[in-house]
Amino acid sequence: MKKLGLLTGVVVVGILGACESSETSGESNYPSRDINGIIQWGEGGATDNVARSLAIQAEDALDASFVMQNREGATGAIATQYVYDQPADGYSVLFGAENPLIYNVLGISERDYIEDFYPVNIIGQGLAGIVVKDDSEFETLEDLVEYAQENPGDLTLGTSGEGGLPHVVASMLSAELGTEFNQVPYDGDGPLFTAMLGNQIDATVVGVAGAQEYVEAGDIRMLSIVHNEEVDAWDAPALSDIYPEFDKYLPWGPFYGAFVHPDTPDDIKSTLVDAFNEAVDEESFQELLSSLGAEPINISGDEAVEWMKQTQAVSAWLLYDAGATESSPEEFGIPRVEDLD
Amino acid sequence: MEFLQQILIPFFDWELLILVAAGTLAGIFIGAIPGLSVTMAVALLLSLTYSWDMLPALALMLGVYYGGVYGGSRAAILVNIPGSPASVATSLDGFPMSQKGEAGLALFLTTIFSFVGGLVGVLVLASAAPVVASFAVQFANRDYFLLAMLGLLLVGNLSNGTVAKGLFSAGAGIVIGLIGMDPIGGGSRFTFGSLQLMNGVDFIIALLGLFGMSEILYQMRELKRQGKPVEFKKMIIPPLRFILKFLPLSMRVSILGVLTGALPGAGGEIAALLSYDHAKRSTKNPNRPFGEGAHAGVIAPEAGNSAAIGGAMIPMLTLGIPGDAVTAIFIGALFIHGLQPGPMLMAQSGDLFWVMVGSSILANIFLLIFGLMVVSIFIRIVTVPKQILLPIIAVITVIGSYAMNYSLTDVYWMLGFGLIGFFMKVHNFSVAPLVLGIILGPLIDTSFRRAYMSANGSMPDFLTGFVTNPISLILTIVIAFTIFSQTPIYKKVKQKILPKKQQT
């Protein structure tokens, strides 16, 4: 029996070892084997849908297969750390959302897109809408803001947790307009819609595409789009058209991106950049993005880094000013958005 | 009558028919292997069917969903290792049945009543989806808290007599469930600065260790004692009257299962536990005491968790809100195939709804056919010598826990839980309450805190909510009654009011 047990152990170690081992990569003929795509969020979510759909388009351009894995947990920090720990050979690509930009200030992890990764592609940006239930007394965003100013803490705002979209937007409103909400965190857009339909919350901030369905069904009303200009597809005024003081924060919002280790050889980086660029432009992928309520961006490298710095500066300082962060953005060299060049 | 035609589409389209059948069959085997979860299988199919048309892709995924939930109870009955959290309750009486030589009967009964439960789930989905959905969204945080507390009361029923030990296990389970990132504030609990611990402990990993690895260790301990091998009675199909006797029970738990499944915050595992609890309370004269192989104890959870599938699809199809982890992937699939899941889905693509209903009925029929066909294959597992069977299960358990998140940390957790479970079994602690605590702990934590925050942190407002909201009031009364019915006062009162009934 002891022998059998030992044998089992050896077999198991062997199998696990085989999974971990990596071949030596020939840089010139990249990609010569399957590429691992690591997704920060779980199966079926928006990030997962974007990642899996894009990987299939990129496979054609790269002439290699993607093996996709969801390594969810700790708002994406597990997957981010994992890809950072892999060899810088272009065979591990991180598919993620905006969260790692504020890991540092929230004290979640040391990893950061700007310092620790090379952006292969910033795929697209999701638009968010401020919504209330259809039978709500608030017809416009001004109504909601006025009530919140006069009755601090009286309105319940559903959020998706610290640093999530509704939390940052609430911090924005509070910084510029002095509103105060009773914030109750839920597990994302689905539970937020449920809570809104069940009269648990007065207002929330959610992805526009999902919200549009409920607007058409007559269940909820969209008061404003968190964006600096009106978007034809969505029938609600842009936030900065109502309150111009928000112009400096926008455009801001959730985004999807693909990243590799920064030490990846340049020729591999450019192979990936070209392939992803082509993949994002693919018509069927553009359709998926618009059905998710996301605007295509499709930028890479330095351009992408500059773009992310803006988002990072907005989120980090808003959260810091609202007292929601562990440490000051200054400690991590994040300038205020006004000081960005 | 247009919808009848749409329901029948999968019955007459050979491609859909074959895909549902193949999915169901594959699902049964995937579900039966501990660690290979339905969620994983359906997620894999999402990538695989990316370029397919929508209906064939959904047909295959639906088949795997039904087959997988059903398959989970095979391993629970035969080797005491639940293939999924939804079959924990089935192992409580299923494994004792198989030890008493009734493995065939247990497999037969669970197949029949999975079919019954699954069908009830589809019928409710087809006939009352909007009504059930509007009920489900009215379930507030406070009600989830009460539901979880009701679940916690099951500890008394799961711990087989030694309630103190059961409470200890459940308490430990709740604490383990707290490990990781605080879902409300984002702070870290018991993580000691480790990123791996921030992810918390997946209850499937705990399940694999506490039921799987610990059972292997426990049975290895008894290998040398080589008692007489389990008698292998040939399966005799029980008379129809025997099956019909359980029909009222299965109907009640199926309705319970649909409603629980329809709640966005509760799924098949809670449905199965509540169903088991209901069976234990309502069955007056079980053939054997519960926990020792009662027939009602395998029927109820299987009918309940199958019915929960139809329930989980209700908020998904009517509101675009997932009822559980698997329906969340279905929503992803609808997106990828160009549909917008949400409250407009029924109005815009009503045919999809009816084809889903039709495919579900079909999946249940195939489940019945394949389920009964493979009973004779599965039952042979009982006759495989332990020296051969246990190492195989050990390897599967390790691979299963690695494959969950591709993380070796999970494997260590699983092995740790295996050791804990082993010592618990040696010292007569039941492991089921520990799993119950890990499942319910986070739900109690988040729902209580959200409810309190929703009341603006005001204790009077928070407390009056329990009696002013109708759903909360009913749940509060049920909990109060459940506790009260265990006290001696209740028995005295009952005897005074119903003296005659007590005597007969």
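The following questions and answers walk through the contacts, salt bridges and domains of a predicted model.

Trainee: What conventions apply to the numbering and to this predicted model?
Mentor: Residues are numbered from 1 along each chain as its sequence is written, while chains are lettered from A and ligands numbered from 1 in the order in which they are written. Side-chain values use heavy atoms, with hydrogens and water left out, and because this is a predicted model, local features need pLDDT of at least 70 and side-chain atom pairs count only at pLDDT 80 or more, whereas totals for chains, interfaces and linings use all residues.

Trainee: How many residues of chain A are in contact with chain B?
Mentor: Contact here means heavy atoms within 4.5 Å. By that rule, 47 residues of chain B take part, and on the side of chain A the number is 52 residues.

Trainee: What area do chain B and chain A bury between them?
Mentor: Buried area is the accessible area (1.4 Å probe) that two parts lose on being put together, summed over both. Carbon and sulfur atoms account for 62% of it, and the total is about 4,300 Å².

Trainee: Which helix of chain B gives the largest share of the side that touches chain A?
Mentor: Polar contacts are pairs of N or O atoms within 3.5 Å, where within protein one must be able to donate a hydrogen and the other to accept it, and residues adjacent in sequence count only if both atoms are side-chain atoms; 6 residue pairs across the interface of chain B and chain A qualify, both residues being at pLDDT 80 or more. Several helices (DSSP runs of H or I, at least four residues, numbered from the N terminus) each supply at least two residues of this side of chain B, among them helix 3 (38–48) and helix 21 (432–454). The largest share, 8 residues, comes from helix 19 of chain B.

Trainee: How many salt bridges are counted between chain B and chain A?
Mentor: A salt bridge requires a side-chain nitrogen of Lys or Arg within 4 Å of a carboxyl oxygen of Asp or Glu. Over all chains the count comes to 15 salt bridges, but between chain B and chain A it is 0.

Trainee: Is Asp445(B) buried or exposed, and what is its relative accessibility?
Mentor: Asp445(B) forms a salt bridge with Arg449(B), the closest N and O atoms being 3.4 Å apart, and the two are separated by about one helical turn because they stand 4 residues apart in helix 21 of chain B. Residues are called buried under 20% relative accessible area, exposed over 50% and partly exposed in between (1.4 Å probe, protein chains only). Arg449(B) is partly exposed at 24%, whereas Asp445(B) counts as buried, at 13%.

Trainee: Which residues are linked with Asp445(B) and Arg449(B) in a network of salt bridges?
Mentor: Another salt bridge in chain B joins the side chains of Asp182(B) and Arg189(B), at 3.7 Å from N to O, and both of these residues are buried. The residues that share the network with Asp445(B) and Arg449(B) are Asp182(B) and Arg189(B).

Trainee: How far apart are the C-alpha centres of domain 1 and domain 2 of chain A?
Mentor: The bounds, which come from an automatic or database domain assignment, place domain 1 of chain A at 33–125 + 253–302 + 331–335 and domain 2 at 128–248. The area buried between these domains is about 490 Å², and their C-alpha centres lie apart by 28 Å.
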